[in-house]
Amino acid sequence: MNGLNPQQRAAVTTLDCPLLVIAGAGSGKTRVITEKIAYLIRQGTPARHIVAVTFTNKAAREMKSRVGKLADDQSLRGLTVSTFHALGLEIIRREHKSLELKAAISIFDEQDRQALLRELVRHGDHRFDPEQVDAYAARISRWKNRFVTPDRAGMLAEPGAAETAVLYEAYMRHMKAYNAVDFDDLILLPVMLFQQHADVLDEWRNQIRYLLVDEYQDTNQTQYELIKLLTGSLGKFTVVGDDDQSIYAWRGAQPENLAQLRNDFPRLKVIKLEQNYRSMGRILKAANQLIGNNPHIFEKRLWSAMGHGDPIRVLKHRDEIAEARQIAADIVHHKFRHNTRFGDYAILYRGNHQSRLFERSLREFSVPYHISGGMSFFGYTEVKDVMAYLRLLVNPDDDAAFLRIVNVPRREIGPTTLEKLGQYANRRHISLYAACFELGLEQSLPANAVQRLRRFGEHIADTADRTARGDTFKVIDELLGAIGYENWVRENSNDAKAAERKFGNVRELLDWLQRIAEKDGENRSLAETVAKAMLLDVLDRNQEDDAGDRVSLMTLHAAKGLEFPYVYLVGMEENLLPHQTSIDEDNIEEERRLAYVGITRARRDLTLSYCSHRKRYGEMIACEPSRFLAELPQDDLEWPDRQPLDPETKRERGRASLAQMRSLLSD
Ligand SMILES: Nc1ncnc2c1ncn2[C@@H]1O[C@H](COP(=O)(O)OP(=O)(O)OP(=O)(O)O)[C@@H](O)[C@H]1O
Ligand SMILES: [Mg+2]
């Protein structure tokens, strides 16, 4: 515990009562958690009885590696450090029998979920509005996050609740039939399970003797229920959080849970941390002043002994292309001037769509980068197709996967056939796959259609059988060969280059899955591997391989809990940060917290940037600088006054510096 301040030390050594550590950014909350894990182990609690929960996979990995430095491998055996959702999945997998599920569980992503709801709306006995599928989906998700079960939803006084509750109930029933869970279910099902099966809960309480939760401000009602159930009246837990960094209201996060703890656990001890160890004084001052415009549940002050630091730069650009180029160039210049690493830099933005131009510019400057979150790899059609095949192999009842690939590559199985198959399966309460083999289907469909469906079903069954027995990844390769997937991709690509890129993605996917399967010397089953991959996908896509010296690109949401010496917070414009929707809904406070999270990621230097024009829906529009810029201490900001160059000189200069930097980089 060397180097901890007195409050941190108190937080680490408090074991006899439930503990809440509430403190601002960079004050060492996460550090308290890692030190406490090591302390618990030193005090004699076996690691297998300790569970630490964080919000993203990245944070979980980071925490594991920090703990790894504080204790030896042997004593850490069995320690659980995971996300809430991964813990939920683990509970569901282990207790699948009590939940009346089969072992091979499919995880539905947003698209799958919407597809199922759309089907239910179309075929349901109730008159739902097909235009409203998005709204139904959002409402059901909201209920799940607030721990409202279908029967309780039906009794709510909200307008239209009774109707949506019927859909909610049907949705849950179908998910069960498909042996599938969605993102929200990963928390909801364990809570329902523990409430209904006291014996199962007892076992888990016995196993989890101490629970630690990071980023507690972002837990929703259902997650809070899970914490309460797991820790019971003993309240053996430490939760740490910062109400100013609550940025998941849209996913049902309730910062009031912080206050609620006091009511539910009268013995709760609260410790505040006030020293910031992360950021230079000016950065901290800017963050404090900005967030001072929000109302507070807990008053806290933060000070830093790190020195004043350089002024915060504010860059203005002509448009978003200029923004991306200038920042990429800035990073290269800075790196060579200060002999830093690429990994020291992060570019943070409000929305995923902002990443593309930065990617392009960084590539132009040969700067290695890594993108966290957002629609990247897993959004590609070919990746989704292959994943759907794998999902179907491990769980043939996964209707979303079935529908995605039953006619990919083309098997002359058209919409009418699928419509009839769907109706039949619905009547019989079975999956589409199971329906293919039923004799009764022959009454609904012509013989050749039935035959085509069965041939597909048999191929899947046969391959599944072989993956279970033999060399899984070899069988998968054979499957892709047998269905002629390469040809299919070629036919559906504009040119050979695009086709190559798509094969490359498929290859990368399979290599990555193989690495997951064999990670830590394990030999995971295909079912386990696919579930793990889906979980990474829905959680924070493609965060697995972030090793290496690379510039980080990510959304403000994904940046939570992380820190970088040099941070660029880009797109600081009205309607972008704060986001248009939040302005419309009068929810500026959440946007301000997001900006606060962004600013407090920076250790040494912070650069803010905005554009005077930006392309929106294909049109160039004028942008206003973000109101948050005006809320910062103006004395600490620096607005470099750039002389406008004529376009030709600019282009020349751009070319020259590009060549110069490339040659520097290749040295
Ligand atoms: N007592 C300490 N002495 C020196 N450095 C510390 C101390 N406590 C924490 N730090 C360092 O300060 C930085 C911020 O700590 P940490 O990430 O734990 O803060 P946090 O409160 O979790 O921040 P956030 O709210 O952003 O998640 C880290 O680099 C950490 O190693
Ligand atoms: Mg933290």
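**View 1. Surroundings of ligand 1 in the predicted model.** In this predicted model, the residues that come nearest to ligand 1 are G28, K29, T30, R31 and Y277, out of the 19 residues around it. Sorted by class, the shell around ligand 1 is made up of 10 polar, 5 charged and 4 nonpolar residues. Helix 2, which spans residues 29-42, supplies the largest share of this shell, with 3 residues. Because domain 1 (1-105 + 182-273) and domain 3 (278-373 + 547-666) both give residues to the shell, ligand 1 lies between these two domains.

**View 2. Strand 7 and its pairing partners.** Strand 7 (residues 237-241) is mostly covered, with 5 of its 5 residues buried, and the burial extends to both of its faces, where F237, V239 and G241 lie on one side and T238 and V240 on the other. Strand 1 (residues 19-23) pairs with strand 7 in the parallel sense over 4 bridges, and I22 stands opposite G241 of strand 7. Strand 6 (residues 210-213) also runs parallel to strand 7, to which it is joined by 3 bridges, with V239 in strand 7 as the bridge partner of V213.

**View 3. The largest nonpolar core and a separate one.** The largest nonpolar core comprises 107 residues, and those with the most contacts inside it are V21, I37, A52 and Y171. Helix 17 (residues 381-394) gives the most to this core, contributing 7 residues. Leaving aside residues up to four places away in sequence, A52 touches I33, I37, M63, T80, V81 and L212. Another core, of 57 residues, lies apart from the largest one and includes M280, I312, I331 and Y566.

Conventions:
Residues are numbered from 1 along each chain as its sequence is written. Chains are lettered from A and ligands numbered from 1 in the order in which they are written. This is a predicted model: local features need pLDDT of at least 70, side-chain atom pairs count only at pLDDT 80 or more; totals for chains, interfaces and linings use all residues. A nonpolar core is a set of buried Ala, Val, Leu, Ile, Met, Phe, Trp, Tyr and Cys residues joined through C-beta atoms within 7 Å. A residue is buried if 20 or more other C-beta atoms lie within 10 Å of its own, exposed if 12 or fewer, and partly exposed in between; C-beta atoms are placed from the backbone. Helices (H or I, at least four residues) and strands (E, at least two) are DSSP runs, numbered from the N terminus. Two residues are in contact if their C-beta atoms, placed from the backbone, lie within 7 Å. A residue is near a molecule or strand if its C-beta atom, placed from the backbone, lies within 6 Å of it. Ala, Val, Leu, Ile, Met, Phe, Trp, Tyr, Cys and Pro count as nonpolar, Asp, Glu, Lys and Arg as charged, and the others, Gly among them, as polar. Domain bounds come from an automatic or database domain assignment. Two strands pair if DSSP finds at least two bridges between them.
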